[in-house]
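Reader: I should like a close look at one part of this model, namely its enclosed and open spaces and the strands that accompany them. Please give a connected account.

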Amino acid sequence: MPHSISVLYIYAADLWSVQQTSAHQLTSYCLSFAVSTHEPTMSTYISELQVSLNAAEELNLTANGYRIVDGNLNEGAGGNAIRLWYKYGSEPITKVQVSFNDEMADGLIKAGYKKIYKDLNAGAVGSKLYLWYSKGSGEFDTPIVDISVTTDATNEGEKFASGWERVACDLNRRGEGKWIHLWLKREKKTYICDVIATDSFGADKDHFQDGYIRVDEDTNRGAGGANVFIWFRQTTDPKKALKDLQVSINADQYLSYQQQNYHPVVVDLNKGTSGNKVILWYKKEGSSPIKAIGLLLNNVASKDYQEAGINVILKNLNEGNNGWVNHLYVYQ
């Protein structure tokens with residue numbers, strides 16, 4: 001423990017006993033002092049992540065040099081006040097994923113991702129959510145230098161223009177609170193260079209090891225059928241980026257994109273449901289590289305995204321069934 005932090009911890013403990021300072025006030029005081037006395041040196045990468053579920057854990061993380069990310073990951077859902085924390089270091093985190101079932105976790109374990117054993121929905125109704133991260137160093141790994149949380153979907157559109165990347169899974173998934181999303185900022189600009197889809201979990205380990213990021217939300221959500229996920233890889237070279245993505249939801253659209261020399265992603269995004277065949281298409285020809293893609297289940301935010309210059313492809317990935325209305329967004 002750094003000397004200044006240890007002294008602070010003793011002083012804060014004295015405040016607790018003498019002035020009966022509340023747990024949250026004490027944590028905030030510790031954090032503000034720690035930030036002012038523990039500035040990062042040459043190591044400006046995010047190298048560790050942690051989650052706190054109560055005030056005691058907040059104090060412990062503060063004392064150990066972690067910094068808090070503003071925003072309660074359980075906002076509006078009741079339950080614990082859940083906070084995300086990070087620490088700077090020389091070995092950067094390059095990938096962040098979320099799991100909401102055991103099958104999703106299996107590939108992450110096999111690929112060597114580190115799990116934070118704190119349910120992000122603790123004390124509230126909703127899926128059991130866990131955060132995972134990896135410190136890769138390959139062609140498709142770009143260091144993460146900042147991290148933030150949004151608890152208001154109406155502000156999400158503005159984040160992309162500032163260089164932020166959205167982690168797909170709503171951290172209040174199946175809960176009753178606000179739409180909560182984690183955002184990452186990387187050392188360099190990145191572009192989408194590959195996109196695939198899977199309808200089972202068997203090859204997840206290989207995809208993670210090959211540098212793919214899973215869009216952690218099922219395109220078949222609420223519709224039954226297969227567990228279908230979109231995956232992508234990132235590059236720092238805009239010349240290698242995809243230039244266009246489209247979605248077909250019927251035979252006429254399928255034929256049209258085929259005739260325009262788009263390339264299909266072979267997995268039906270609606271596989272196993274009673275709905276239409278839904279296919280993702282991509283092109284590498286064009287002048288505007290794609291910087292980010294993801295799923296948008298919160299239709300209230302669709303207008304905000306479009307006003308911010310983000311293309312929301314208004315074709316339901318659950319077309320023809322009773323699942324969630326689910327759109328793909330593309331930021332260029």
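What volume does the largest pocket have?

Author: The largest pocket has a volume of about 280 Å³. A pocket here is an open set of points on a 1 Å grid over the protein atoms alone, with protein on both sides within 12 Å along at least five of seven lines, whereas a cavity is a set of points where a 1.4 Å probe fits but cannot get out; lining residues have an atom within 4 Å of a point. Grid points are joined across faces, edges and corners, and a volume is the space filled by probe spheres set on the points.

The model is predicted: local features need pLDDT of at least 70 and side-chain atom pairs count only at pLDDT 80 or more, while totals for chains, interfaces and linings use all residues. Residues are numbered from 1 along each chain as its sequence is written, and side-chain values use heavy atoms, with hydrogens and water left out. The pLDDT, the predictor's confidence in each residue from 0 to 100, averages 87 over the protein chain, and 86% of the residues score at least 70. Over residues 1-42 the pLDDT is below 50, and this stretch has 50 contacts in the model beyond near neighbours in sequence; contact means heavy atoms within 4.5 Å.

Seventeen residues would be a long list to recite, but those nearest the centre of the largest pocket are Gly163, Trp164, Lys189, Thr190 and Lys291, out of 17 in the lining. At least two lining residues come from each of α5 (156-161), β8 and β9, and β9 gives the most, with 3 residues. Helices (H or I, at least four residues) and strands (E, at least two) are DSSP runs, numbered from the N terminus. By class, this lining has 7 nonpolar, 4 polar and 6 charged residues. Ala, Val, Leu, Ile, Met, Phe, Trp, Tyr, Cys and Pro count as nonpolar, Asp, Glu, Lys and Arg as charged, and the others, Gly among them, as polar.

The second largest pocket has a volume of about 150 Å³. Its lining of 13 residues has Gly136, Asp141, Phe208, Gln209 and Gly211 nearest the centre, and divides into 4 nonpolar, 5 polar and 4 charged residues.

As for enclosed space, the structure holds 3 cavities of 30 Å³ or more, and the largest cavity has a volume of about 130 Å³. Arg166, Val167, Ala168, Ile213 and Arg214 are the closest to its centre among the 17 lining residues. Two or more residues of this lining come from each of β4 (95-99), β8 (164-166), β9 (181-186), β11 (213-214) and β16, with the largest share, 3 residues, from β4. The lining of the largest cavity comprises 8 nonpolar, 3 polar and 6 charged residues.

Strand β16 (residues 292-296) merits attention in its own right, for 5 of its 5 residues are buried, that is, under 20% relative accessible area, where exposed is over 50% and partly exposed lies in between (1.4 Å probe, protein chains only). In a regular strand the side chains alternate between the two faces of the sheet. Ala292, Gly294 and Leu296 point one way from β16, and Ile293 and Leu295 point the other way. Strand β18 (residues 327-331) runs antiparallel to β16 and is joined to β16 by 5 bridges; two strands pair if DSSP finds at least two bridges between them. Within β18, Tyr329 is the bridge partner of Gly294.
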